Amino acid sequence: VIGWIAGLEHPVDAARLGLSAVLLRLLNVYPRVRVAVIGADLRLGHDRYFHLDRSDFGGLLHAAAGFDIGIAPLADTAFNAARSNVKLKEYSALGIPWLASPVGAYVGLGPSQGGLLVDDDGWEDALSELVGHPLRRARLAQHARAWAQDQMIEVAAPQWEQAFAAAVERTRLGDG
């Protein structure tokens with residue numbers, strides 16, 4: 001299952017990257033591939049395309065847990081440059097290897113975080129590569145899980161707690 005948690009603004013990205021055509025070609029070439037999109041509807045018109053309109057956060061992650069490959073395609077726009085990398089963290093926390101555009105907060109991420117960055121014209125090749133190589137997906141999934149563990153709030157909470165305590169102390173002493 002190639003899956004995408006796609007907000008309602010993502011059809012613009014799909015159109016600019018030609019993603020619908022890529023996904024349809026993959027569905028036609030690989031009889032076992034399915035495509036699942038949560039959120040925006042790509043309207044692929046294929047019997048192995050599944051769309052879930054909306055979901056609450058708990059349901060969203062439950063639905064995404066069935067993905068074998070998570071995608072995060074973004075057109076290179078000012079809006080997308082300001083996004084966070086939380087979608088890749090969500091995929092990684094679920095142990096899903098991911099493919100993402102080298103835009104904004106995704107720049108600099110890669111195999112150590114459980115995925116690969118894909119140029120605008122490289123989506124079909126990158127997806128075909130992962131579809132055809134389950135061992136590579138499994139290795140990326142291991143890296144994804146490990147990275148996600150390092151991104152948990154429990155890891156960063158002591159640093160934030162220390163920073164807040166220092167700020168309170170500076171304010172108490174009149175230095176803040």
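Start with the surface: the accessible area of the protein is about 9,700 Å², and 55% of that belongs to carbon and sulfur atoms. Keep in mind that this is a predicted model.

**Whole chain**

Show the C-alpha trace. Along the principal axes, the C-alpha atoms fill a box of roughly 70 × 35 × 30 Å. Switch to cartoon. You should find eight helices and six strands. Walk from the N terminus and the elements read β-α-α-β-β-α-β-α-α-β-β-α-α-α. Now colour by burial. Of the 176 residues, 41% count as buried. Turn on contacts with a separation of 6 or more. Residues 24 or more positions apart supply 60% of these.

**Charges**

Select the charged side chains. There are 16 positive and 20 negative charges. Place a marker at the mean position of each set; the two markers lie 4 Å apart.

**The core**

Hide the polar residues next. In soluble globular proteins, nonpolar side chains tend to be buried together. Here the largest nonpolar core has 45 residues. Leu99 and Leu127 have the most contacts inside this core. Helix H2, residues 19–29, gives the core its largest share, five residues.

Centre on Leu127. Which residues does Leu127 touch, leaving out those up to four places away in sequence? Pick Ile2, Val22, Leu23, Leu26, Ile69, Ile71 and Leu99. Three of the names to look at here, Val22, Leu23 and Leu26, fall in the range of helix H2 (19–29).

**His10**

Go to the loop between strand E1 (2–6) and helix H1 (11–17), where His10 is found. Is His10 buried or exposed? His10 has a relative accessible area of 2%, so this residue counts as buried; the cut-off is under 20%. Show its neighbours, again skipping residues up to four places away in sequence: Trp4, Pro73, Leu74, Arg83 and Lys87. Zoom in on Lys87. The side chains of His10 and Lys87 are joined by a polar contact of 3.3 Å.

**Arg43**

Last stop: the loop between strand E2 (35–39) and strand E3 (49–52), which holds Arg43. Check the backbone torsions of Arg43. What is phi of Arg43? Phi is near 50 degrees, a positive value in a residue other than glycine. Now display the surface around Arg43. With a relative accessible area of 69%, Arg43 is exposed, because the cut-off for that class is over 50%. Set Arg43 beside His10 to finish: Arg43 is exposed, whereas His10 is buried.

Technical notes. Residues numbered from 1 in each chain as written. Predicted model: local features only at pLDDT ≥ 70, side-chain atom pairs only at ≥ 80, totals over all residues. Heavy atoms only, no water. Helix = DSSP H or I, 4+ residues; strand = E, 2+ residues; numbered from the N terminus. Buried < 20%, exposed > 50% of the residue type's maximum accessible area, 1.4 Å probe, protein only. Contact = heavy atoms within 4.5 Å. Areas by Shrake-Rupley, 256 points an atom, 1.4 Å probe, with all protein chains shown as cover. Lys, Arg positive; Asp, Glu negative; His and termini not counted. Charge placed at Lys NZ, Arg CZ, Asp CG, Glu CD. Core = buried A, V, L, I, M, F, W, Y, C linked by side-chain atoms within 4.5 Å. Polar contact = N/O pair within 3.5 Å; in protein donor to acceptor, adjacent residues only side chain to side chain.
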